[in-house]
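Hi,

Here is the structure I said I'd pass on. Have a look at it first, and my notes follow underneath.

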Amino acid sequence: MTAAAVVVLAAGSGTRVGAEVNKVLLPLGSRPVLAWSVLDALTLPEVTRVVVVVRDDEHDAVAGALGAHLADVLGPDDERTVVLVSGGATRHASEQAALAVLAPDVEAGLVDVVAVHDGARPLAGPGLLTRVLEEARRSGGALPTVPLGPVLGGPARGAHGHRELHGVQTPQAFRAAELLAAYAAAREAGVEGTDTAATLERFAPDLVVAAVPGARTNLKITWPEDVGLAARLLDGLLDGVSGATRGS
C-alpha cells in the first residue's frame, strides 16, 4: 500500500519577525509554530513519513519543541516516523536534503506522493493538505492559490478586462517519482529552483500541476505583527471548527 510523505521546511530564522530564535519555535496557542504543521500532517492516515528540515545548530531545539507533542500522537510501535534533517544554504538545497531521506521509500514504491510545506505557515490545516495530496495523485502536482485582486492590462480575464493575480501558497504536493527525478536533473544541471513547483516546471515540463483553492488564513509568519495575527486567526479557527477538520 502506497502512502504520502510530508516535508516541512523549518531551516529559516527569526530575523524579520524580530525574534531571537527561529520563528518556527515561537509559541502559538498551545504549541510552537512548527508543531502545528507537523501534527496536522500526522492526523492524515495516509501520511507515514514527515521530514522536518532544520538548521544544523537547531536539531536539539527543534527536537525539544516537538518532542512532547509527538509523544501524544506517536506510540512506541507506531510505523509512522518524524525525522529531522539538516537543511542547506538555500530552499532548494533544503528540499534536496529532505528528498534524499525519502528516496529509498519512493524507489521502493512505499511513498507515491510528497507534499512540501513551509513550517512558518502553521494554519494550513489538514483539509488543505488532503486536497493537494489528492490532486497530486490525480494530476501529477498541486499547489494552493488565493486571489490577490484584479490588475489592469494584458489579456482580458474578467468581466471588465481585468486579469486576476493569484498568490501561491504551500503545501505543494507532487508525485514522488517525478519529484525525485526532477531534483536529480536539477542537481546534474547545477540549477536551483525558487520553490518546488519552479523546479518541476523546468525539469518535469510534462507533469501537470493543478491549482487548488488555498485559504486566506494560511498565513506565512514573516513580520512581527504576523505572530499576533496568526494567534487571532487560530482562535477563530479553533472556535469555528474542531481540530480534526481545521483548514478544510
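Of the 248 residues in the protein chain, 47% come out as buried, meaning under 20% relative accessible area with a 1.4 Å probe, protein chains only. Bear in mind that this is a predicted model, where local features need pLDDT of at least 70, side-chain atom pairs count only at pLDDT 80 or more, and totals for chains, interfaces and linings use all residues. Residues are numbered from 1 along each chain as its sequence is written, and side-chain values use heavy atoms, with hydrogens and water left out.

The accessible surface of the chain is about 11600 Å² (Shrake-Rupley, 1.4 Å probe), and 55% of that belongs to carbon and sulfur atoms. Seven helices and 10 strands make up the secondary structure; these are DSSP runs numbered from the N terminus, H or I of at least four residues for helices and E of at least two for strands. Among contacts (heavy atoms within 4.5 Å) with a separation of 6 or more, 72% link residues 24 or more positions apart.

Now the inside. A cavity here is a set of points on a 1 Å grid over the protein atoms alone where a 1.4 Å probe fits but cannot get out, and lining residues have an atom within 4 Å of a point. Points are joined across faces, edges and corners, and volume is the space filled by probe spheres set on them. One cavity reaches 30 Å³ or more, and the largest has a volume of about 90 Å³. Its lining has 13 residues, with S37, D40, H117, A124 and L129 nearest the centre. β1 (3-9), α1 (33-42) and α4 (125-139) each give two or more residues to that lining, and α1 has the largest share, three.

Cheers

Notes
On a 1 Å grid over the protein atoms alone, a cavity is a set of points where a 1.4 Å probe fits but cannot get out, and a pocket is an open set with protein on both sides within 12 Å along at least five of seven lines; lining residues have an atom within 4 Å of a point. Buried means under 20% relative accessible area, exposed over 50%, partly exposed in between (1.4 Å probe, protein chains only).
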